[in-house]
There are 4 protein chains.
Amino acid sequence: MSDVAAGLSPEEITRRLAPKHHDGPPRVPGATRSEPAVVDQRWALLPHAAAAKAVIAAPEALARHETFARNIENFIGTVQVPVGLAGPLRVNGLAAQGDYYVPLATTEAALVASYHRGASVVTLAGGCTTLILNEGVGRAPAFAFASLPEAGAFVQWCLAHIEAFRAAAEATTRYGRLRDVRFTVEGNHVYLLLEYTTGDASGQNMVTIATQAVCDYIAAHCPVKPSAVFVEGNLSGDKKASAQSFQTVRGRKVSAEARLERKLVERHLHTTPEKMVDYWRMSAIGGVLSGTIGVQGHYANGLAALFLACGQDVACVSEAAVGVTRFEVEGNGGLYAAVTLPNLIVGTVGGGTSLPSQRAALEVLGLAGPGHARALAEVCAGLALAGELSIIAALSAGHFTSAHERLARGRKSTGPAASEGRPTA
Amino acid sequence: MSDVAAGLSPEEITRRLAPKHHDGPPRVPGATRSEPAVVDQRWALLPHAAAAKAVIAAPEALARHETFARNIENFIGTVQVPVGLAGPLRVNGLAAQGDYYVPLATTEAALVASYHRGASVVTLAGGCTTLILNEGVGRAPAFAFASLPEAGAFVQWCLAHIEAFRAAAEATTRYGRLRDVRFTVEGNHVYLLLEYTTGDASGQNMVTIATQAVCDYIAAHCPVKPSAVFVEGNLSGDKKASAQSFQTVRGRKVSAEARLERKLVERHLHTTPEKMVDYWRMSAIGGVLSGTIGVQGHYANGLAALFLACGQDVACVSEAAVGVTRFEVEGNGGLYAAVTLPNLIVGTVGGGTSLPSQRAALEVLGLAGPGHARALAEVCAGLALAGELSIIAALSAGHFTSAHERLARGRKSTGPAASEGRPTA
Amino acid sequence: MSDVAAGLSPEEITRRLAPKHHDGPPRVPGATRSEPAVVDQRWALLPHAAAAKAVIAAPEALARHETFARNIENFIGTVQVPVGLAGPLRVNGLAAQGDYYVPLATTEAALVASYHRGASVVTLAGGCTTLILNEGVGRAPAFAFASLPEAGAFVQWCLAHIEAFRAAAEATTRYGRLRDVRFTVEGNHVYLLLEYTTGDASGQNMVTIATQAVCDYIAAHCPVKPSAVFVEGNLSGDKKASAQSFQTVRGRKVSAEARLERKLVERHLHTTPEKMVDYWRMSAIGGVLSGTIGVQGHYANGLAALFLACGQDVACVSEAAVGVTRFEVEGNGGLYAAVTLPNLIVGTVGGGTSLPSQRAALEVLGLAGPGHARALAEVCAGLALAGELSIIAALSAGHFTSAHERLARGRKSTGPAASEGRPTA
Amino acid sequence: MSDVAAGLSPEEITRRLAPKHHDGPPRVPGATRSEPAVVDQRWALLPHAAAAKAVIAAPEALARHETFARNIENFIGTVQVPVGLAGPLRVNGLAAQGDYYVPLATTEAALVASYHRGASVVTLAGGCTTLILNEGVGRAPAFAFASLPEAGAFVQWCLAHIEAFRAAAEATTRYGRLRDVRFTVEGNHVYLLLEYTTGDASGQNMVTIATQAVCDYIAAHCPVKPSAVFVEGNLSGDKKASAQSFQTVRGRKVSAEARLERKLVERHLHTTPEKMVDYWRMSAIGGVLSGTIGVQGHYANGLAALFLACGQDVACVSEAAVGVTRFEVEGNGGLYAAVTLPNLIVGTVGGGTSLPSQRAALEVLGLAGPGHARALAEVCAGLALAGELSIIAALSAGHFTSAHERLARGRKSTGPAASEGRPTA
């Protein structure tokens, strides 16, 4: 704390940290309206940012304002994120089949290069095999009662009305299906965990609306009256890493595996299966010692870049980037590598997938629109596997730093100071 | 699994999942080159995606290809993400002072509206007070030895050479400072945790290069020879939620608090402090029951949108979106609300902050360039607080579903089917 | 490390830590034999411990050697642990009904006094209500396969043979029932989670033997051949705290609640509901910040003492002492308190319950022998609640230190040095 | 829930679960008094337990009542726990040196046999090397303030008064030393983490009293006045598994390692290093998937038995039984095995170590009284290693079930029903 406050008098610190009740500048106007005149009103609040307006509210962005209007409020323009193409990545899944060129949107140098290298070596190895192990998206409404016996009676009543819950839930949606209902009682509190399949949509809004319908049904019919009802009690794992995801699923749970012959590892990754496994073991325990959920390297990098390119909910990286990576040396001296991700909450319809460039990125993959969500989840798992192979190879070979140094710093022949602060894959 | 495989014969399943060793299409060419001719070569691999090319490789994107070249490999164009403006958000920090209009890039309807509402109520309450509690970015090189006594001897040697480590590390960087060195011994393995301050950069690449220099120094001088050295042993919490972050820091650790008078809660949030605290308690325990790290609602939404707008590493949301939210009813009937985020790994120089639209977003905040990283971290914490207030108010008032339904579905008067699958804040 | 090695030369350190391959003293003989002559042979290995023999191998212990022979190997005598009586504790459960005097075996001063106080106040409040929410004990055999598709095929085969698993398992036991089978696939590895009810036994051995029978059935009949089979893959939560226990159960999951009128708190606990809730909130967040599983205070103290008195497996405290404590101020100014423990793995038959003094302790409770396991689990939960009330009251009132000081130090009027090192409740 | 309630009418369920305000039987009288007359008064409350009294309040137990009086309240007698002897276990530590016969008190058949086997094989391998990596016991007083700036000011003041804290703390104790002070700020709450060394005592009471003195000093001198102070804010990891223990220490942190030649594994453990490592890997991931802290098998079994024999606080098994086990196949085909336990909170003076049979058990080890706590911690780690080797060997060889079946069931040639419910190691 002292560093941050350095040079400030106690009075100045007090002044800065105190609440300030004077009037402030006006609220951003217009809410869901996106037409240029309203956008101009918003920029009028930012007189210091005229140059920024020229970039963010560029004519080509404003020209498409109607396209964006259903996905954003208080619209002021767009940011452009560069996209790189990795691959091909060969995926041998039940849904995904073939060689995929994967669009990755990121501002982090070396990220695309690393996944590209991993994808190439996976493909040379015959591709990765992927399997969807489970599907479902949960909502967890929470109910408070006067006492534990009432909580128990409520659960009993619910158990007898599951079919009515299903009817209520499914009346709100064409594609959502209520798949399972579970209960967690904690004293006089009850959390329901309603698990849905959501078709080709990632489905968070779908399951909220369906769950509200279940809550409404309960309010109308249940003789045990709760003192409070909340449509989500923070037990669904929404937007956060949670240990429960290994017992349940959030979106799709997918395993991907690949086998790399020894000479492939040596020639293309410049290391050996033994070194990669030594690193894997040490990093797995490093993860355990730091108190992570699951053991993995850097799923977040690839998933964030793919989600961003393809119109997925980027905030879901917080839960999607959890899983288990496992590497083994096989009897023939080759490398076995597998990843398992229980929280791949992705879709090919709805949300950001309808925006022009995001839909275009799905088209690059050949996975735009209905019928492709499972394949997209399998590609995500394959990409995570490719990334783990590449980064673990680099770390085990001692190339990690140099690769980043070269890609992030070396493109212009500047000294270290010029490129300081460049985050890396 | 059965659902996914439905309708497939066992032979077909086997065929699909098997590795396939035929030749595939060519690798994406050109690596770090970004000029239009090379971009065209890449698109030539995607004949099915001509329409996508027109969107992603639009002329205005290609015209700036040199701008992007240092941040991406295998460049094929850009995606556009809509930006909404929330605020003003009044922040009373040591570094951040004043009323901020916050640019948020997202494709998720209702997200900006929710944070906007939260920011407004925080501002009406006199703003939020923020305090940076700790600063530092870690790298954790890992060393394997023949035995536990050698591991012990290595630690002893290191303890006597901390100053040499510092000199080696700091010779690689103008701004990075080695602040602390800690040790974790696990059998014959040793993990160092080197903690740096990184100035106004988020600093991941900076600390990797500095740590490589420490590893090189050790290799050259240490009499206890490791059997393996890895520049990162997965103990630094990089790109993943980890429990250790509450004992350490990753980037900046910031608390933000606000006090809302009772009538403010009632008038502007349409609920009461008691209901909000009831929800907070139930959701805190919901988080505990699901095995999360920390207790929080949806930091990920706001942080991902701010990171994306402002050129931060979006993958870091996996670690940044961890913290503790706490709400209490005060003696005067008002609401006390606080958030504490230990992993705000943000910067205002380097990385994606130098791209045009991302730098423009920082200019909207007034926080572009050197000298602003701490203020940006404080704004992040204030934004997270605003979001928690808004979402907990909505959930406690029973408005959560309707708000999302209205914003995500209601803009066009379509039935539910038309908007299916729209993910939400 | 340096402190421990202080004063030792490097050579001496090396000498001490090195493996030593000289012959050692003989192994303890006799294995399962317990008769005095064999016990004497064992003590003959310990010539330095003649005084110890007189205490541990006292005549009254050796006289009962046949009693102990089925519960211990390499028998050398007994240790005596003092037992204190807490209560009465009024439990209003489905199984437990009435006022229980609870025997607690411990060597820690103040522990019985603290639980006794908590039990008394619970009883004054009309007792605690308890509810068994779930029952089951798991075993998790693990199977390795050549590939992910084989792992998938194995799961499919298992799903078609659950009834055969049930038959195989239940043929090994009179009381055990296979209740549920779940699957976790991780790459080419499959973990089954077999969940059993075990009647009035805690059942760990029962479920191991039943699970071995399932593994044998699989080995004999499954066309998909595993490369390795392990009867337990460390996924059952056996002897360790695990986050999954909030999604499953280990033994019995029980909630207990009590309501304390305001004046009861003030008169008997010398604090107020508000202060207790303030402490609860702060300690709940303290637990979160330290990365615990669940939020609780000191269940381990009471459970260990009750387990030890009553012949339960004391090592199971590692998993049993996990749960959620919640305190609230009610509308009438009183205190609501609840605990939920998902891992109460207790029994009233088998194991240590057949030993004389342990069975006697169960008789003190009125819960010895068949038909009482559920009631014992409810008493455990009630005891945990009593303990949390007592300790949180003491901490919130500022009496915690003085109570321990008085009980642990003050019984003889000695200065601090004389009582140093006395651990406390 | 339904099973438990089976056969009960709704009215009967309601009746059973309701609070009951009638008078109950009297409270247990006498508190700290332990003389036979008072013991008799307590047994007079238990007329149904006359047979139990004869066992628990046996003459030899009552004859020693003064011995027990400082360790228990409401004394009613003793329970006897059988003790088995495992070993010799060769420990090559800085403190522990030589071949130890280890007394283990348990009621679980097969436990001593398993550790005995593990100890023997460790000894045949030249013993295990152990190293104490860290020492310290924490207390975490918690302070609430009006605001975050006050919390910050409080930390600043504390930082300037660490020496005064040290003086206040150390005035209360002859052996305790305040080693470190750290701070965790969460909004307007501050937790101090005071870390002490405690000599040869486990030290929980010692650090509580010393911490109270620090709190008293703060109350007397600090200009920033807290609204609440609690001597322990549940951040010290007391009596619960916590992820933070890998960043800190609770008691002593010890690693133990051993190397087993291939032929030793084959001859004595009837398996191979490869199979043991295969099992280790699968069980490590099993632990991760179930959300455990650390990765380990069954430390709890051996530690609970050793703690119980030697007068340690058995409830501390909940935190002590956390750590990391790692097995590797070495280049020469042998097995490398290591365990690391960060929370070995043990002592050789104070607490239960002064009771006759518990002190006798320490004498069996040769570790009774001052000067031996570090050696005891090293023996604990060596024992944990022995246990992991034995159990992983049994599981990898497929002998786990049969060993338990034989030891727990086979001693009398009875059918399964007779031995149902016997819990196992």
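Let's start with a pair of strands in chain B: β5 (residues 177–186) and β6 (residues 189–197) run antiparallel and are joined by nine bridges. Two strands count as paired here if DSSP finds at least two bridges between them. The strands themselves, like the helices, are DSSP runs numbered from the N terminus (H or I over at least four residues for a helix, E over at least two for a strand). If you look along this pair, you'll see V185(B) standing opposite V190(B) in β6(B). Where the chain turns, the hairpin of β5(B) and β6(B) has two residues between the strands, and G187(B) there takes a positive phi near 60 degrees.

Now look at chain C. There, strand β5 (residues 177–186) and strand β6 (residues 189–197) pair in the antiparallel sense, over nine bridges. In this chain I'd point you to L178(C), which faces Y196(C) in β6(C). G187(C) has a positive phi near 60 degrees, in a hairpin with two residues between β5(C) and β6(C).

A quick word on what you're looking at: this is a predicted model, where local features need pLDDT of at least 70, side-chain atom pairs count only at pLDDT 80 or more, and totals for chains, interfaces and linings use all residues. Residues are numbered from 1 along each chain as its sequence is written, chains are lettered from A and ligands numbered from 1 in the order in which they are written, and side-chain values use heavy atoms, with hydrogens and water left out.

Next, chains A and B. How many residues does the contact take from each? It takes 180 residues from chain A and 180 residues from chain B, where contact means heavy atoms within 4.5 Å. The size of an interface is often given as the accessible area lost when the parts come together. For these two chains that buried area is about 15000 Å², with 60% of it on carbon and sulfur atoms; the value is taken with a 1.4 Å probe and summed over both parts. Three residues, R70(A), L94(A) and M282(A), supply 6% of the area that chain A buries against chain B, more than any other three.

Which element of chain A gives the largest share of the side that touches chain B? That is strand β1 (residues 75–92) of chain A, with 16 residues. By class, this side of chain A has 85 nonpolar, 62 polar and 33 charged residues. For that count, Ala, Val, Leu, Ile, Met, Phe, Trp, Tyr, Cys and Pro are nonpolar, Asp, Glu, Lys and Arg are charged, and the others, Gly among them, are polar.

β1(A) also pairs across the interface: nine bridges join it to strand β1 (residues 75–92) of chain B, and the two run antiparallel. One spot to find is V83(A), opposite G77(B) in β1(B).

What about salt bridges between chains A and B? The rule finds zero, a salt bridge being a side-chain nitrogen of Lys or Arg within 4 Å of a carboxyl oxygen of Asp or Glu. Polar contacts, on the other hand, join 79 residue pairs between chain A and chain B, both at pLDDT 80 or more. A polar contact is a pair of N or O atoms within 3.5 Å; within protein, one must be able to donate a hydrogen and the other to accept it, and residues adjacent in sequence count only if both atoms are side-chain atoms.

Here's the symmetry. A rotation of 180 degrees with 0.0 Å of shift along its axis superposes chain A on chain B, with an RMSD of 0.0 Å. That is the relation of a two-fold axis. The fit is by least squares on the C-alpha atoms of residues with pLDDT of at least 70 in both copies. And 100% of the interface residues of chain A are also interface residues in chain B, so the copies meet through the same surface.

Chain B also touches chain D. That contact takes 30 residues from chain D and 30 residues from chain B, and it buries about 2200 Å², 53% of it on carbon and sulfur atoms. L148(D), E186(D) and Q247(D) supply 25% of the area that chain D buries here, more than any other three residues. Between these chains there are two salt bridges; in one, E186(B) meets R326(D), with the closest N and O atoms 2.9 Å apart.
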